[in-house]
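Reader: Could you take me through the reading of side-chain environments and charged pairs in a model of this kind?

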Amino acid sequence: AVEASARDARALILFGNDDDNGAATARAKVIAGACAQAGWCKKAHATLVASLISRGARNNFCIPDELLSGVAAILSPLGALLNHSCAPPCCVAYDQRGHQCFIAARDIAAGEELTHAYVDCGVPTARRRARLKEVYGFACRCERCVAPWSDRDAKLEGDAKGAAKADDRAVALNARLRNEAQACEDPAREAKLLDAARSALAGRAGPCHLARMATLELRAHAHLARGDVAGALPLFRELAIRRREIYAPLPHARVALDNVTLAECASVAGDQLLANAARKEAIRLLERTGAPDARQLDDMRIQHAMADNARSDDKLAANFDHLGLDGE
C-alpha cells in the first residue's frame, strides 16, 4: 500500500510536466481512481480522464503576476473560443478579481476576427510553430508565419545586416558564456563573462537578435545587483527600445514592464526627464495590454501625476525667485 501510494503521488507530482505517454497514462489512472473512490463516478474512466487532461492543456490560460511569471492556470470556455494569430488584434489580461479580459491592442475593423497569441510572438517562427504544434496540435499559417524570412525573423535571428542568419558558432559561444556567467558567484568574474558574451556577437548578430537581448538583460540586472544603477540605466533603456522593435507594431506587456523598470531606475539615478518619458510609455502600453484596474497601471499614473506636481512646484518656486518673493 505504501509503495502504491508513493507511485500515485509521483504520478500526480508529474502532472502537467512534459513527459512520455506512459507517465501521462499513469496520471490518468490515478486521477480516475481517485474520482471513483470519491463517488464522483461509478467506475474509473482513465481514457476519459486522459482525454480531458489533453483538452485542458490545449484550452487553459496562464495567469501571470506583475513580472509576467505564470502563477496559476484557468479554464475559460468563452476565452477558448478565440483562435490564435501571431499578429493578433487582442491580448489577454486579468483584473484584480481574476476575471479574464481581452484588450484591443490596436484598432479592429468591423467584421475582423478577434484572435490572440497562444505563444510568445517575440521568438522566431520555427520556435513559435513548434510550440503551437506540440501543445495545441496545429501548424500555424497566419500572415506572419507565411511571410518572407526577411520580414518575420531577420530581426530576431539575423546577422548584423539582417541578410542571413547569425553565425551559429558565435551564437553558441555567446550561450556558453552566458550560462557560465549565470552560474558564477563572483560579480567581477560574472561581469567579464558577460562582456565576453557581448563581444562574441559583435558584428555577427543584429541589435535585436535574441542572444544579444538575453546578454543585454543579464548585464543590466548584474549592474543592478551590484547597486550600480547608473551603469544599469543605459542598458535598461536599450533593452526597452529593442524589445519595442521586436514586438512592433503591436504593444506588448513585456515592453510595458521594461518601461516600468526603466522609470524606476531613472528616478533613482536622478534622471527625471527619462523617468517621466518611461512612465508615459509604460502607461500607454499598460492601457493597451492590461486590465483596466491593473495595479501597475494605477501606480504609474500616480507616480506620473506626482512628478507633474513636483515640476509645477519647481516652476512656481522659480517664478517667486524671479519676482524676488520668498513664497511664504
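Author: What follows is a short dialogue on one aromatic residue and several salt bridges, read from a predicted model.

Reader: Let me begin with the tryptophan; where is Trp149 placed, and which residues does Trp149 touch beyond those up to four places away in sequence?

Author: One reads the secondary structure and then the list of contacts, leaving out the neighbours along the chain. Trp149 lies in helix H5, which covers residues 149-152, and, once residues up to four places away in sequence are set aside, Trp149 touches Ala154, Glu157, Gly158, Gly162, Ala163, Ala164 and Lys165. For one of these, Ala163, the separation is 14 residues in sequence, while the C-alpha atoms of Trp149 and Ala163 are 9.6 Å apart in space.

Reader: Why does Trp149 count as partly exposed?

Author: The class follows from relative accessible area, where buried means under 20% and exposed means over 50%, with partly exposed in between. Trp149 has a relative accessibility of 21%, and therefore counts as partly exposed.

Reader: Turning to charges, how many salt bridges are there by the distance rule?

Author: The rule asks for a side-chain nitrogen of Lys or Arg within 4 Å of a carboxyl oxygen of Asp or Glu, and the count comes to 18 salt bridges. Among them is the one in which the side chains of Glu112 and Arg106 meet, with an N to O distance of 2.5 Å. Glu112 is partly exposed at 28% relative accessible area, and Arg106 is partly exposed at 27%.

Reader: How far apart are the closest N and O atoms in the salt bridge of Asp167 with Arg169, and is Arg169 buried or exposed?

Author: Distance and accessibility are read separately. The closest N and O atoms of Asp167 and Arg169 are 3.8 Å apart; Asp167 is partly exposed, with 30% relative accessibility, whereas Arg169, at 67%, is exposed.

Reader: In which helix do Asp258 and Arg254 lie, and how many residues apart are they?

Author: Here one reads the position in the helix together with the side-chain distance. Both residues belong to helix H11 (residues 253-269), where Asp258 and Arg254 are 4 residues apart, about one turn of the helix. Salt bridges that share partners join these two with Glu217 and Arg243 into one network of Glu217, Arg243, Arg254 and Asp258. The side chains of Asp258 and Arg254 themselves meet in a salt bridge of 3.8 Å, N to O.

Reader: Are Asp258 and Arg254 buried or exposed?

Author: Asp258 counts as buried because its relative accessibility is 4%, and Arg254, with a relative accessible area of 19%, is buried as well.

How values were computed: Residues numbered from 1 in each chain as written. Predicted model: local features only at pLDDT ≥ 70, side-chain atom pairs only at ≥ 80, totals over all residues. Heavy atoms only, no water. Helix = DSSP H or I, 4+ residues; strand = E, 2+ residues; numbered from the N terminus. Buried < 20%, exposed > 50% of the residue type's maximum accessible area, 1.4 Å probe, protein only. Contact = heavy atoms within 4.5 Å.
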